[in-house]
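Colleague: Before we look together, could you show me how to read burial and charge pairing in a model such as this one?

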Amino acid sequence: MEYRILGRTGIKVSAIGIGGEGFENKSYEDCETIIDTAMKEGINFIDIYNSNPEVRSNVGKALSKYPRNSFVIEGHLCSTWDKGQY
């Protein structure tokens, strides 16, 4: 996997990342498979734009078995989940 430095942070992130849309309408088991496969392949950059609580819980649970310094999560500030809508 090719890695790049994220801006001026000094943090190394994979050139390939996972987009948050891939977790939408997926079971926890599916999210876990996506995360496990990505981590195995060296992908450590995950974009969680979605404020859907189920998506965030599934991804958080799947990531909880990995050391916190082994991945980078990109979140979108001020996104909300209101009555089932992003």
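Colleague: Is Asp 36 buried, exposed or partly exposed?

Modeller: A word on the source comes before the reading: this is a predicted model, in which local features need pLDDT of at least 70 and side-chain atom pairs count only at pLDDT 80 or more, while totals for chains, interfaces and linings use all residues. Residues are numbered from 1 along each chain as its sequence is written, and side-chain values use heavy atoms, with hydrogens and water left out. Buried means under 20% relative accessible area, exposed over 50%, and partly exposed in between, with a 1.4 Å probe and protein chains only. Asp 36, with a relative accessible area of 25%, is therefore partly exposed.

Colleague: With which residue does the side chain of Asp 36 meet in a salt bridge?

Modeller: Side chains of opposite charge can pair when their charged atoms come close. A salt bridge here is a side-chain nitrogen of Lys or Arg within 4 Å of a carboxyl oxygen of Asp or Glu. Asp 36 meets Lys 65 in such a bridge, at 3.0 Å from N to O. Lys 65 lies in the loop between α2 and β4 and Asp 36 in helix α1, so the pair ties together parts that are 29 residues apart in sequence; helices (H or I, at least four residues) are DSSP runs, as are strands (E, at least two), numbered from the N terminus.

Colleague: Which residues are joined into one network by salt bridges that share partners?

Modeller: The network consists of Glu 32, Asp 36 and Lys 65, and between Glu 32 and Lys 65 the closest N and O atoms are 3.0 Å apart.
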